[in-house]
Amino acid sequence: MSSPHMGGTEQEFVKEAFDTNWIAPLGPNVNGFEHDLELFLGEGSHVAALSSGTAGIHLGLVLLGVQPGDEVLCQSMTFSATANPIKYLNATPIFVDSEADTWNMSPELLETAIKDRIAKGKKPKVIMPVHLYGMPAKMHEINGIAQKYGIPVLEDAAEALGSSINGKQCGTFADISVLSFNGNKIITTSGGGALVSAAANVVQDARFLATQARDEAPHYQHSRVGYNYRMSNLCAGVGRGQMQVLADRIASRRAIYNQYTDVLGSKKGISFCSEPDGYFSNRWLSTILIDSNVAGVSREDLRLALEKENIESRPLWKPMHMQPVFEGCAFYGDGTSERLFRDGLCLPSGSNLSADDMDRVMEVIHAVIK
Ligand SMILES: *Cc1c(COP(=O)(O)O)cnc(C)c1O
């Protein structure tokens, strides 16, 4: 569905790390990768390269001061890695439903949730929107509400490197933003992530906490709880090579999405998540909704037909408020994410899919959807 796609120069950076014995965590590739990301994101971004996106979300919540018992507002429709770090801190996730345009956090339901939590006696500590499948969330509206109530925003941009709203990159819309370079993302470091902020001191604190929170002293001295969350210099070498092909990867993913919409866009009961005005999605994954009442087939019919041909597809993220692990958590919703989960399918989307691969996929789709 979305496998690693090397550009060619990654091995040169990794070889250089071997030749100079920079095999330990940190080193020139980490600095170089952070610099590449800062240039790409713009807006005066500072970047700390980390061992994973999940680590970035965990550190982000720590840096925003989340304490045991605090409430954190989190998009329900997402991968569990967005919500799990709330639990690492013994804080309480409060889930917010999606809206139909971008499939991301509904600004209206966000405000409903904030008002209700305040009425119940507790102001939420952080707001966590996600840019699902590369489609930017309604960040202007969300940030407006965040400002109105004085609540910081942690942006989960794990799936959205290269996506933007009116030219401003995802990963620059919040107090703290997080990227992922896991093997299935638009570019990969084999495993890795980053914490991004326009505030240099926040990123400096992130680096400090991510390297075991060592105070300045000749001996090991600690006044805070630390983490081992930095990216290794070998992984960062892969990242530097991948940054050289990021623009190509975005173009390929968008071309794949366009192939799906060209073929399926006019079919009854089939719909896509199209870009609102000014929105640009990296189309990390191509996704469709199948309204089985109209289309006469369900998303499961299509998934099973693809599986029979050894082609991987997957239902959209199952919302967090429906997950056993988060049973009992508060949820503010109107049924949107439940409908998306019922009707939605992620299609093969990797930038390394060949024309033959796409022909095979299309053949199955044509046979199922008349
Ligand atoms: C991949 C992903 C993460 C986690 O990133 P890792 O680098 O795999 O830890 C977090 N949130 C979302 C939405 C993701 O897709």
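Two helices, α3 (53–63) and α4 (80–88), each contribute at least two residues to the shell around the ligand, where helices are DSSP runs of H or I with at least four residues and strands are runs of E with at least two, numbered from the N terminus. Within that shell, α3 holds the largest share, with three residues. The model is predicted, and local features need pLDDT of at least 70, side-chain atom pairs count only at pLDDT 80 or more, and totals for chains, interfaces and linings use all residues. Residues are numbered from 1 along each chain as its sequence is written, and side-chain values use heavy atoms, with hydrogens and water left out.

In total, 16 residues surround the ligand, the closest being T54, D156, E159, S180 and K185; a residue counts as near if one of its heavy atoms lies within 4 Å of the molecule. By character, the shell comprises five nonpolar, eight polar and three charged residues, with Gly placed among the polar ones and Asp, Glu, Lys and Arg counted as charged.

Polar contacts (pairs of N or O atoms within 3.5 Å) give a closer view of the site. A polar side-chain atom of T54 is 2.5 Å from a ligand oxygen, while an N or O atom in the side chain of D156 lies 2.7 Å from a ligand nitrogen. G192 takes part through its backbone, with an N or O atom 3.4 Å from an oxygen of the ligand. Taken alone, the ligand exposes 380 Å², and the protein buries 94% of that (Shrake-Rupley method, 1.4 Å probe).

Beyond the ligand, the whole structure contains 16 salt bridges, each a side-chain nitrogen of Lys or Arg within 4 Å of a carboxyl oxygen of Asp or Glu. One of them joins the side chains of E99 and K138, at 3.6 Å from N to O. This pair links distant parts of the chain, 39 residues apart: E99 belongs to the loop between β3 (92–96) and α5 (107–119), and K138 to the loop between β4 (126–128) and α6 (139–149).

The backbone also deserves a glance. Most residues other than glycine have a negative phi. E43, however, has a positive phi of about 60° and lies in the loop between α2 (28–41) and β1 (46–50). For N166, phi is likewise positive, near 45°, and this residue is found in the loop between β6 (164–165) and β7 (168–169).

Key: Polar contact = N/O pair within 3.5 Å; in protein donor to acceptor, adjacent residues only side chain to side chain.
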